[in-house]
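Here is a short tour of some side-chain contacts, to read with the model open beside you. Please keep the sequence at hand as you follow along.

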Amino acid sequence: VDVRDPAAAHLRLLECDGMRAGSRFLAFSGESICVEDIGDRLVALFPELGLTPSRQPAAAGAADAGEAEAEAQAREIWAQCEVRNDKIRNELGLTFRSLDDTLKECAESLLSIAGVRPKQKT
């Protein structure tokens with residue numbers, strides 16, 4: 001989730017007169033992506049940079065077999081979950097930023113402000 005979306009939700013909740021005390025909301029855009037696919041998304045968002053994303057699965061960097069097994073088990077569990085954001089969208093009228101917009105703006109910030117230099121094709 002883009003950090004600006006929960007911030008907007010907090011503001012709307014503070015300004016809302018009719019919200020019941022103790023209400024809970026899940027601030028989740030509804031989009032999901034495997035960590036291994038983020039590089040491919042960035043390549044598509046920034047073709048002019050000639051990026052070379054890593055194709056190494058996250059579990060390949062695990063310290064031991066137990067850590068890799070725990071990673072695989074966690075992915076299996078999350079793959080079976082259905083996370084919904086109907087309540088926050090309906091009650092607060094919140095529209096979440098797209099994952100691509102969030103990735104693009106985050107990467108642009110890292111490039112321009114933090115001075116990060118991406119690994120490029122050679």
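## Salt bridges within helices

Glu71 and Arg75 are joined by a salt bridge, with 2.7 Å between their closest N and O atoms. The term salt bridge is used here for a side-chain nitrogen of Lys or Arg within 4 Å of a carboxyl oxygen of Asp or Glu. The two residues are 4 apart in helix H3, so about one helical turn separates them. Helices (H or I, at least four residues) are DSSP runs, numbered from the N terminus.

Before going further, a word on the source: this is a predicted model, in which local features need pLDDT of at least 70 and side-chain atom pairs count only at pLDDT 80 or more, while totals for chains, interfaces and linings use all residues. Residues are numbered from 1 along each chain as its sequence is written, and side-chain values use heavy atoms, leaving out hydrogens and water.

Searching the whole structure gives 9 salt bridges. Three of these contacts are set out below, including the one just described.

| Salt bridge | Helix | Spacing in sequence | N to O distance |
|---|---|---|---|
| Glu71 and Arg75 | H3 | 4 residues | 2.7 Å |
| Arg89 and Asp86 | H4 | 3 residues | 3.8 Å |
| Lys104 and Glu108 | H5 | 4 residues | 3.9 Å |

How exposed are the partners? Glu71 is partly exposed at 29% relative accessibility, and Arg75 is partly exposed at 30%. Here buried means under 20% relative accessible area, exposed means over 50%, and partly exposed lies in between (1.4 Å probe, protein chains only). In helix H4, Arg89 is partly exposed with a relative accessible area of 36%, and Asp86 is partly exposed at 28%. In helix H5, Lys104 is partly exposed with a relative accessible area of 29%, and Glu108 is partly exposed with 36%. Salt bridges that share partners also link Asp2, Arg4 and Glu105 into one network.

## Around Asp2

Asp2 lies in the segment before helix H1 (4-15). With a relative accessible area of 6%, Asp2 is buried. The Asp2 side chain makes a polar contact of 2.7 Å with the side chain of Arg4. A polar contact is a pair of N or O atoms within 3.5 Å; within protein, one must be able to donate a hydrogen and the other to accept it, and residues adjacent in sequence count only if both atoms are side-chain atoms. Leaving aside residues up to four places away in sequence, Asp2 touches Arg97 and Thr102, where contact means heavy atoms within 4.5 Å.

## Charges over rings

The charged end of Lys104 sits over the ring of Phe46, 4.9 Å from the ring centre. Likewise, the charged end of Lys87 sits over the Phe25 ring, 4.9 Å from its centre. A charge sits over a ring if NZ of Lys or CZ of Arg is within 6 Å of the ring centre and within 35 degrees of the ring normal.

## An exposed loop residue, and confidence

Gln80 belongs to the loop between H3 and helix H4 (86-92). Gln80 is exposed, with a relative accessible area of 61%. From C-alpha to C-alpha, Gln80 and Leu51 are 32 Å apart in space, and they are 29 residues apart in sequence.

The chain has a mean pLDDT of 86, and 91% of its residues reach 70 or more; pLDDT is the predictor's confidence in each residue, from 0 to 100. Among the elements of the chain, helix H5 (residues 99-112) has the highest mean pLDDT (94) and helix H3 (residues 65-79) the lowest (87).
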